[in-house]
Amino acid sequence: MDDKATDNTQSRDLRPGEKYNLTIKEASSYFAIGEKKLRRIAEENPDAGFVLMNGSHMLIKRVAFERYIDIVDSV
């Protein structure tokens, strides 16, 4: 198999600002909010639209959470 063919199929690493969904750890770093507090915010706002559950893994929809952060006064 040609090396050029495999290079095209490999995915590149995206920065958190380029991703649609972030893990709790990535979101914590990106938004400068502690992991525990971020989990608590997500659990307390299940209908806010920024949480995506992938099995038992909680993901944060980056753009939706940015909109949420814009409207709250404190976290």
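Of the contacts in this chain whose partners have a separation of 6 or more, 44% join residues 24 or more positions apart. Keep that in mind as you trace the chain in this predicted model, and try to spot parts of the sequence that come together in space.

Let's begin with the building blocks. The chain holds four helices and three strands. Followed along the sequence, they come in the pattern α-β-α-α-β-β-α.

Now find the sheet. Its three strands are arranged in the order E1-E3-E2, forming an open sheet with antiparallel pairing. Why do E1 and E2 each have one side without a neighbour in the sheet? Strand E1, residues 21-23, and strand E2, residues 51-54, stand at the edges and have a single partner strand each, so one side of each remains free of a sheet neighbour. If you compare the directions of neighbouring strands, ignoring which way they run, you will find them turned by 40° against each other on average.

Take a look at E2 and E3 together. Strand E3 covers residues 57-61, and it pairs with E2 in the antiparallel sense over four bridges. You can pick out one of the partnerships by eye: Asn54 has His57 in E3 as its bridge partner.

Two helices pack on this sheet, so to speak, and you can take them one at a time. Helix H2, made of residues 24-31, touches E1 and E3, and its direction makes about 100° with that of E1. Helix H3, made of residues 35-44, touches E2 and E3, and its direction makes about 85° with that of E3.

Next, zoom in on a single residue of helix H2, namely Ser28. Is Ser28 buried or exposed? Its relative accessibility is 12%, and a residue under 20% is called buried, so Ser28 counts as buried. What does the side chain of Ser28 reach? Follow it to the backbone oxygen of Ile33, at 2.5 Å. Leaving aside residues up to four places away in sequence, Ser28 touches Ile33, Gly34, Glu35 and Leu38.

Finally, step back to view the whole chain again. Of its 75 residues, 23% are buried. The chain exposes about 5800 Å², and carbon and sulfur atoms supply 46% of that area.

Note on methods
Residues numbered from 1 in each chain as written. Predicted model: local features only at pLDDT ≥ 70, side-chain atom pairs only at ≥ 80, totals over all residues. Heavy atoms only, no water. Pairing = 2+ DSSP bridges. Axes fitted to C-alpha atoms, helices over the stretch in contact; angles between N-to-C directions. Contact = heavy atoms within 4.5 Å. Buried < 20%, exposed > 50% of the residue type's maximum accessible area, 1.4 Å probe, protein only. Areas by Shrake-Rupley, 256 points an atom, 1.4 Å probe, with all protein chains shown as cover. Polar contact = N/O pair within 3.5 Å; in protein donor to acceptor, adjacent residues only side chain to side chain.
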